[in-house]
Amino acid sequence: MALIFIVFIGLMVLGFPIAIAMGWGALASQLAGVKTVADAIYVLRTMVVGIDSTPVLAIPLFILSGTLMARGGISKKLFDIFAYILGKRTAGLPCAVVMTCLFYGAISGSGPATCAAVGSMTIPLLVSLGYDEEFLSALVAVSGGLGLIIPPSISFINYGLVTGTSVTSLFTAGILPGIVIAVCIMGYTYLHFKKHGEDKEKIIDNYERIRKLGLLRVFKDGFWALLCPIVILGSIYTGICTPTEAAALSVFYALLVSIYGYKIIKWNEVWSLLLESIKSIAPLCLLIA
């Protein structure tokens, strides 16, 4: 046991990926000549059995869905809606970032995907409006964590697989805490900018630009983005779909909205997006195995 721990920690210190360090750690005693039950064949067989599960499919499907939605402009449509509602209020735009993370987390199920999709789009805009880049980066990093709590959460799926807990029950349990955390983050953000102030002139100019589009047009453009978490979560809670089926549904929904709804993604770009998703999916699946 000590040898396994030493090898695992040593490989982690040397910078090996977690999945690789865990694998070699499991085989350490066998390689050292100590006879154990966990020989190479046993480990490989256990890895195959570990991922031979239908619920596991939900993880790569939600990651793929998040990639498609990020490239398809869904995060921007969500932000435009909240920016229209909160844009000229104190800390309105930073709070719109939190709301966008909350809704996007309910689409992608992933904290890193939420940070990447929302942060890459909102931070440059808000920095140009006079907001502090360090505070915004921290805000997006913390708000992106909502993707781990608000359903559908990839972390909840992993937990359900390991413990045998109902994934649907975990999703239900994550709704209220996710909303409470989002409200607390927005409350702190409001107090921060109430104390330190904002560049109101730039903010008002940006708000007027959005306002010229009109409320109806903003909501019309963002309708499909707002509908996405309702479709995904509604199908799970009504019993129409299992979490895995809902993940597959979210992929098709993302494709249809991004290609035919917003017309941002072209069919010839889908293959490159699949490859991009695989780069994120493969290490995670190896870690689960």
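**Burial, contacts and helices in a predicted model**

User: Which residues does Trp224 touch, and what makes each of them a contact?

Analyst: Not counting residues up to four places away in sequence, Trp224 touches Tyr253, Val257 and Tyr262; each is called a contact because heavy atoms of the two residues lie within 4.5 Å. The model is a predicted one, in which local features need pLDDT of at least 70 and side-chain atom pairs count only at pLDDT 80 or more, while totals for chains, interfaces and linings use all residues. Residues are numbered from 1 along each chain as its sequence is written, and side-chain values use heavy atoms, with hydrogens and water left out.

User: Why is Trp224 called partly exposed, and where does it lie?

Analyst: Trp224 is placed in helix α13, which covers residues 215-237. Its relative accessibility is 40%, and since buried means under 20% relative accessible area and exposed means over 50% (1.4 Å probe, protein chains only), a value in between is called partly exposed; Trp224 therefore belongs in that class. As for its distance from Val48, the two residues are 176 apart in sequence, and their C-alpha atoms are 38 Å apart in space.

User: What makes Ser258 buried or exposed, and which residues does it touch?

Analyst: Ser258 has a relative accessible area of 0%, and it is therefore classed as buried. This residue lies in helix α14, residues 243-261. With residues up to four places away in sequence left out, Ser258 touches Leu68, Gly72 and Ile74, and also Lys263, Ile264 and Ile265.

User: What span does helix α8 have, and what span is expected for it?

Analyst: Helix α8 takes in residues 133-144, 12 in number, and reaches 16 Å from its first C-alpha to its last. The expected span is 1.5 Å times one less than the number of residues, and for α8 this comes to 16 Å, so the reach of the helix is close to expectation.

User: Which residues of α8 are buried, and why are they said to line one face?

Analyst: The buried residues of α8 are Phe135, Leu136, Leu139, Val140, Ser143 and Gly144. Seen down the helix axis, they fall within an arc of 160°, so they are said to line one face of α8; the arc is taken over the directions from the helix axis to the C-beta atoms.

User: What covers the buried residues of α8?

Analyst: The cover includes four helices, namely α6 (92-108), α7, α9 (146-149) and α11 (167-196).

User: How many helices and strands does the chain have, and what makes a run of residues count as either?

Analyst: The chain has 15 helices and 0 strands. Both are DSSP runs numbered from the N terminus, a helix being H or I over at least four residues and a strand being E over at least two.

User: What do the totals for the chain say about its extent and about how many residues count as buried?

Analyst: Taken along the principal axes, the C-alpha atoms of the chain fill a box of roughly 75 × 40 × 40 Å. The chain has 289 residues, of which 43% count as buried, and Ser258, at a relative accessible area of 0%, is one of the buried residues.

User: What share of the contacts in the chain joins residues 24 or more positions apart?

Analyst: Among the contacts with a separation of 6 or more, 72% are between residues 24 or more positions apart.
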